[in-house]
Each structure stands twice: as structure tokens, then as C-alpha cells.
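Welcome to this structure. Here are some notes to read alongside it, taken point by point.

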Amino acid sequence: LGFVPALEMLSRQMQERYGLALHLAVRGDPVRLAPDIELAAYRIVQQALANVAAHAQARNAWLDVTFSPEHLTLVVRDDGVGFTPPEQPAALVHQGHFGLMGMRERALLYGGQLTVTSAPGQGAIITARLPLLH
């Protein structure tokens, strides 16, 4: 399928299954990535959207995909109930945030990073930045 078409299909499935209005934006020139990077990026987005559907009580979610010469940046945000993320990433497991921990580990495995920004009543923003290996 390719990475962007796979995300488009995932977006449609999330809208149909959960009634979530999902707004997808792709910036930059989409390029084919190494298969393992594509899979990791897809799984990160998939888990982030699953978290929105399961926990956020959101009506809308936004998926922004940005291709730059050096990085792929994925941002999933929602207008849901939000939560208080732990200050230390290691605390994710102790607080039961296994999905967030898995996303973080996938990003780190490929030399990337994952940040979680949220507060009660303010939705959540998950940002993954993965280096493009040339």
C-alpha cells in the first residue's frame, strides 16, 4: 500500500468503527521509508489513535504527518478529556500506560523520540519524530 495510503485507510477505519472525526494532513514530499521504519511509524499512529478511541472521549482527532529531508514527524492530537502524563517516562508502566510506553520504545528503537503533552480537560498530543535513514 505505502505508508500514506495505509494511514488513510486506518483513518477511515477509525472513523467508521468509533465515530471519531479524524482529520489527516500530510506535509512535505511523501517518500517511501525503509519497511521497518514505516511499520514502526504506522504502529505508533495506530496505538495513538486506539488510545484516543478507548480513553479520550474525543469527538475529533488530528493526524499530522510531516516529511522533511531528515525526519518523519507524526502528531496525533485530540479534543478529549486529557490526562496528567508522568514526569518520568519510566513511570508510564507503573501508571498502566502500556500503549504509550510501547510507542516510546518503538520511536527510541529507530533513533527517534516520542513526547506526550496533555492535561485534564485539554486533550492530548502525541508527537513522534523518527529519523529518515538514507
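1. A good place to begin is a loop residue. Gln 57 is exposed, since its relative accessible area is 67%, over the 50% cut-off. Please keep in mind that this is a predicted model. Gln 57 sits in the loop between helix 2 and strand 2 (60–67). Its phi is near 55°, a positive value in a residue other than glycine.

2. Another loop residue is worth a look. Gln 122 belongs to the loop between strand 4 (113–118) and strand 5. With a relative accessibility of 65%, Gln 122 counts as exposed. Setting aside residues up to four places away in sequence, Gln 122 touches Gly 80 and Val 81. If you would like a distance to check, the C-alpha atoms of Gln 122 and Ala 54 are separated by 16 Å, and these residues are 68 apart along the chain.

3. Now to the interior. The largest nonpolar core has 34 residues, and those with the most contacts inside it are Phe 3, Leu 49, Val 65, Leu 72 and Leu 74. At least two core residues come from each of helix 1 (3–18), helix 2, strand 2, strand 3 (71–78), helix 4 and strand 5 (124–131). Helix 2 gives the largest share of this core, with 9 residues.

4. Val 65 makes a handy guide to that core, being among the residues with the most contacts inside it. Not counting residues up to four places away in sequence, Val 65 touches Phe 3, Leu 7, Leu 24, Ala 25, Val 26, Arg 27, Leu 72, Thr 73 and Leu 74.

5. How are helix 1 and helix 2 placed against each other, and at what angle do they pack? The angle is about 15°, with the axes 11 Å apart. That makes helix 1 roughly parallel to helix 2, because the angle is under 35 degrees. Their crossing is right-handed. On the helix 1 side, the contact is made by Phe 3, Ala 6, Leu 7, Leu 10, Met 14 and Tyr 18. Helix 2 brings Glu 38, Ala 41, Tyr 42, Val 45, Gln 46, Leu 49, Ala 50 and Ala 53. By class, this contact of helix 1 with helix 2 has 12 nonpolar, 1 polar and 1 charged residues.

6. Glu 38 deserves its own point. This residue is found in helix 2, and at 10% relative accessibility Glu 38 counts as buried, the cut-off being under 20%. Leaving aside its neighbours within four places in sequence, Glu 38 is in contact with Phe 3, Arg 32 and Leu 33.

7. Met 9 is in helix 1. Its relative accessibility is 35%, so Met 9 counts as partly exposed. From Met 9 to Ala 41 the C-alpha to C-alpha distance is 15 Å, with their positions 32 residues apart in sequence.

8. Helix 2 has a further partner. Helix 2 (residues 35–56) and helix 4 (residues 98–109) pack at an angle of about 160°, their axes lying 10 Å apart. Helix 2 and helix 4 are therefore roughly antiparallel to each other, as the angle is over 145 degrees. The crossing of this pair is left-handed. Ala 40, Arg 43, Ile 44, Gln 47, Ala 48 and Asn 51 in helix 2 meet Gly 99, Leu 100, Met 103, Arg 106 and Ala 107 in helix 4. The residues of this contact divide into 6 nonpolar, 3 polar and 2 charged.

Notes. Residues numbered from 1 in each chain as written. Predicted model: local features only at pLDDT ≥ 70, side-chain atom pairs only at ≥ 80, totals over all residues. Heavy atoms only, no water. Axes fitted to C-alpha atoms, helices over the stretch in contact; angles between N-to-C directions. Helix = DSSP H or I, 4+ residues; strand = E, 2+ residues; numbered from the N terminus. Parallel < 35°, antiparallel > 145°, perpendicular 65-115°, else oblique. Left-handed = near helix turned anticlockwise from the far one by under 90°. Contact = heavy atoms within 4.5 Å. Nonpolar A, V, L, I, M, F, W, Y, C, P; charged D, E, K, R; others polar. Buried < 20%, exposed > 50% of the residue type's maximum accessible area, 1.4 Å probe, protein only. Core = buried A, V, L, I, M, F, W, Y, C linked by side-chain atoms within 4.5 Å.
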